[in-house]
Amino acid sequence: MTFACNTPSLDLKLDPDFFSLLTGSYTHLVRRSLAGDGQGPDWLYNHAPFVVLAHNTEPDPRFIYANRTAQACFEYSWDEFIALPSRFSAEQPDRAERQRLLDAVTRDGFVENGRGIRIAKSGRRFWIEDVTVWQLIDERGQRLGQAAIFSSWRDA
């Protein structure tokens, strides 16, 4: 891996190594493909019809990736997203449930069928459903963060 996920200024939007980390970890843990043949970093960032988010391993994890679908859903630009601690994607009362989900991912490698209320930049509250969260693990087994996908959300 040619990057460190805890480097704040790193732009991972179209990074082929980060794409490999996202898709490789997903395939290894979840046993399904995240992207089809010929679909690379540009497709995942600009065209994927589902939300893809990732945060790093800092004590207060910060988003390091949010594709365009995630940006539209949460109403943050790329620059706003990658400066945001991931806990702020949920309101205070919903953060304990979010943390239980992330703890299960740490313990089990991935969790499927997650669900919860999240909050957009505007304050709009929305449900996310059928969420899959997984560990970002490189080829040496080092944990570099966690990622999530979902394609279903609706206003709360």
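**Overall architecture and local features of the predicted model**

Ser89 is placed in the loop between α4 and α5. In this predicted model, Ser89 counts as buried, with a relative accessibility of 6%. Setting aside residues up to four places away in sequence, Ser89 touches Phe63, Phe74, Arg98, Arg118 and Ile119. Of these partners, Arg98 is itself one of the buried residues of α5, and Phe63 belongs to the strand β2 (63-66).

The chain as a whole contains five helices and six strands. Along the sequence these elements follow the pattern α-α-β-β-α-α-α-β-β-β-β. The C-alpha atoms occupy a box of roughly 35 × 30 × 30 Å along the principal axes. For 156 residues, a compact globule would be expected to have a radius of gyration near 15 Å, and the value of 14 Å found for the chain agrees with this. Buried residues account for 51% of the 156 residues. Of the contacts between residues at least 6 apart in sequence, 50% join residues at least 24 apart. The chain exposes about 7,700 Å², of which carbon and sulfur atoms supply 50%. There are 18 positive and 21 negative side chains, and the centres of the two sets are 5 Å apart.

Helix α1 (16-30) comprises 15 residues and reaches 20 Å from its first C-alpha to its last, close to the 21 Å expected at 1.5 Å a residue. Its buried residues are Phe18, Phe19, Leu21, Leu22, Thr23, Ser25, Tyr26, Leu29 and Val30. An α-helix has 3.6 residues a turn, so residues three or four places apart point the same way. Within α1, the buried set includes Phe18, Leu22, Tyr26 and Leu29. The buried residues of this helix pack against both helical and strand elements, namely α2, β1, β2, β3, β4 and β5.

The loop that separates α1 from α2 (41-47) contains Arg31. Arg31 is exposed, with a relative accessible area of 65%, and has a positive phi, near 70 degrees, despite being a residue other than glycine. Most residues other than glycine have a negative phi. A second case is Glu75, which is not a glycine and has a positive phi of about 65 degrees. Glu75 lies in the loop between α3 (68-74) and α4 (78-81). At 31% relative accessibility, Glu75 counts as partly exposed, since this value falls between the limits of 20% and 50%.

Helix α4 contains Phe81, which counts as buried at 1% relative accessibility. Beyond its neighbours within four places in sequence, Phe81 is in contact with Leu53, Phe63, Ala66, Ala70, Gln71, Phe74 and Tyr76. Phe63 and Phe74 also appear among the contacts of Ser89. Leu53 falls within β1 (51-55), and Ala70, Gln71 and Phe74 fall within α3 (68-74). The C-alpha atoms of Phe81 and Arg124, 43 residues apart along the chain, are separated by 16 Å.

Helix α5 (95-108) has 14 residues, which at 1.5 Å a residue should span 20 Å; its end C-alpha atoms are 20 Å apart, in agreement with that expectation. Arg95, Arg98, Leu101, Leu102, Ala104 and Val105 are the buried residues of this helix. They pack against the strands β1, β3, β4 (125-137) and β5 (143-150). These four strands also appear among the elements against which the buried residues of α1 pack.

Gly109 lies in the loop between α5 and β3 (110-119). Just after the helix, Gly109 takes a positive phi of about 95 degrees. This glycine is buried, with a relative accessible area of 10%. Not counting residues up to four places away in sequence, Gly109 touches Leu29, Ala104, Val133, Trp134 and Gln135. Leu29 is among the buried residues of α1, and Ala104 is among those of α5. The remaining partners, Val133, Trp134 and Gln135, lie within the range of β4 (125-137). Gly109 and Val133 are 24 residues apart in sequence, with a C-alpha to C-alpha distance of 8.5 Å.

Key
Residues are numbered from 1 along each chain as its sequence is written. This is a predicted model: local features need pLDDT of at least 70, side-chain atom pairs count only at pLDDT 80 or more; totals for chains, interfaces and linings use all residues. Side-chain values use heavy atoms; hydrogens and water are left out. Helices (H or I, at least four residues) and strands (E, at least two) are DSSP runs, numbered from the N terminus. Buried means under 20% relative accessible area, exposed over 50%, partly exposed in between (1.4 Å probe, protein chains only). Contact means heavy atoms within 4.5 Å. The expected span of a helix is 1.5 Å times one less than its number of residues. The radius of gyration is taken over C-alpha atoms; the globule rule is 2.2 Å times the number of residues to the power 0.38. Accessible areas come from the Shrake-Rupley method with a 1.4 Å probe; for residues, only the protein chains shown count as cover. Lys and Arg count as positive and Asp and Glu as negative; His and the chain ends are not counted. The place of a charge is taken as NZ of Lys, CZ of Arg, CG of Asp or CD of Glu.
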